[in-house]
Amino acid sequence: MTHITAAPVIDNRVVYLVGNAGKTGAYRLSDGTPIFTVGIGGRETPIISGETLFLLTNQNKLIALNKQRGSKYWETDMDKGRTWFGPV
């Protein structure tokens, strides 16, 4: 992971990182073993709620991922006439 400007989020011994260079990943806190990486980048700190990781991307999309597998539940375009900051 590179170009990380968002704060890391730690949940249940997993650290979630969002990189501005186009990657988001989950890593085991104890040893750094990757759990998943996906090709979604952002600059804002993600939020976890239940089993979902919410990300605000560089393309102004709000995306919900499964926090254990990184699979996408849904995504939506945010209002392009505004500037969005996370956590949303």
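Tutor: Exposed means over 50% relative accessible area, buried means under 20%, and partly exposed lies in between. Keep in mind that this is a predicted model.

Student: Is G39 buried or exposed?
Tutor: G39 sits in the loop between strand 4 and strand 5. Its relative accessible area is 71%. The cut-off for exposed is over 50%, so G39 counts as exposed.

Student: How far apart are the C-alpha atoms of G39 and G19?
Tutor: Along the chain, G39 and G19 are 20 residues apart. In space, their C-alpha atoms are separated by 9.6 Å.

Student: What pattern does the protein follow along the sequence?
Tutor: The protein has zero helices. It has eight strands. Read along the sequence, the pattern is β-β-β-β-β-β-β-β.

Student: In what order do strands 1, 2, 3 and 4 form their open sheet?
Tutor: The pairing in this sheet is antiparallel. The four strands form an open sheet in the order 1-2-3-4.

Student: Which strands are the edge strands of that sheet?
Tutor: An edge strand here pairs on one side only. That applies to strand 1 (9–11) and strand 4. The edge strands are therefore strand 1 and strand 4.

Student: Which residue of strand 3 stands opposite V14?
Tutor: Strand 2 and strand 3 (residues 23–28) run antiparallel and are joined by six bridges. Opposite V14 in strand 3 stands R28.

Student: Which strands are at the edges of the sheet with the order 5-6-7-8?
Tutor: This is an open sheet of four strands with antiparallel pairing. Two of its strands pair on one side only. They are strand 5 (47–49) and strand 8 (72–77).

Student: What is the average twist from one strand to the next in that sheet?
Tutor: The sheet has the order 5-6-7-8. From one strand to the next, the twist averages 20 degrees.

Student: In strand 6, what is the bridge partner of I47?
Tutor: Strand 5 runs antiparallel to strand 6 (residues 52–56), with three bridges between them. In strand 6, the partner of I47 is F54.

Student: In the hairpin of strand 6 and strand 7, which turn residue has a positive phi?
Tutor: Strand 6 and strand 7 run antiparallel, joined by five bridges. One bridge pairs T52 with N66 in strand 7. The hairpin has four residues between the strands. With a positive phi of about 60 degrees, the turn residue is N60.

Student: Which residue takes a positive phi in the hairpin of strand 7 and strand 8?
Tutor: Five bridges join these two antiparallel strands. L62, for one, has T76 in strand 8 as its bridge partner. Five residues lie between the strands of the hairpin. The one with a positive phi near 80 degrees is G70.

Student: How many of the six residues of strand 7 are buried?
Tutor: Strand 7 is mostly covered. Of its six residues, the buried ones number five.

Student: Which strand gives the largest share of the largest nonpolar core?
Tutor: This core has 13 residues, and Y16, F36, I40, L53, L55 and L65 have the most contacts inside it. Strand 2 (14–19), strand 4 (34–38), strand 6 and strand 7 (61–66) each give two or more residues. The largest share is three residues, from strand 2.

Student: Is Y16 buried or exposed?
Tutor: Beyond its neighbours within four places in sequence, Y16 is in contact with residues including P8, G25, F36, I48 and L53. Its relative accessible area is 3%. The cut-off for buried is under 20%, so Y16 is buried.

Student: How is the aromatic pair of Y16 and F36 classed?
Tutor: Y16 is in strand 2 and F36 in strand 4, so the pair ties together parts that are 20 residues apart in sequence. The centres are 6.5 Å apart, with 50 degrees between the planes. Planes under 30 degrees apart count as stacked and those over 60 as edge-to-face. At 50 degrees, the pair is tilted.

Student: And what class does the pair of F54 and W74 fall into?
Tutor: F54 lies in strand 6 and W74 in strand 8, 20 residues apart. F54 is partly exposed at 26% relative accessibility, and W74 is partly exposed at 38%. The ring centres are 6.0 Å apart and the planes stand at 55 degrees, so the pair is tilted.

Definitions and conventions
Residues numbered from 1 in each chain as written. Predicted model: local features only at pLDDT ≥ 70, side-chain atom pairs only at ≥ 80, totals over all residues. Heavy atoms only, no water. Axes fitted to C-alpha atoms, helices over the stretch in contact; angles between N-to-C directions. Core = buried A, V, L, I, M, F, W, Y, C linked by side-chain atoms within 4.5 Å. Buried < 20%, exposed > 50% of the residue type's maximum accessible area, 1.4 Å probe, protein only. Contact = heavy atoms within 4.5 Å.
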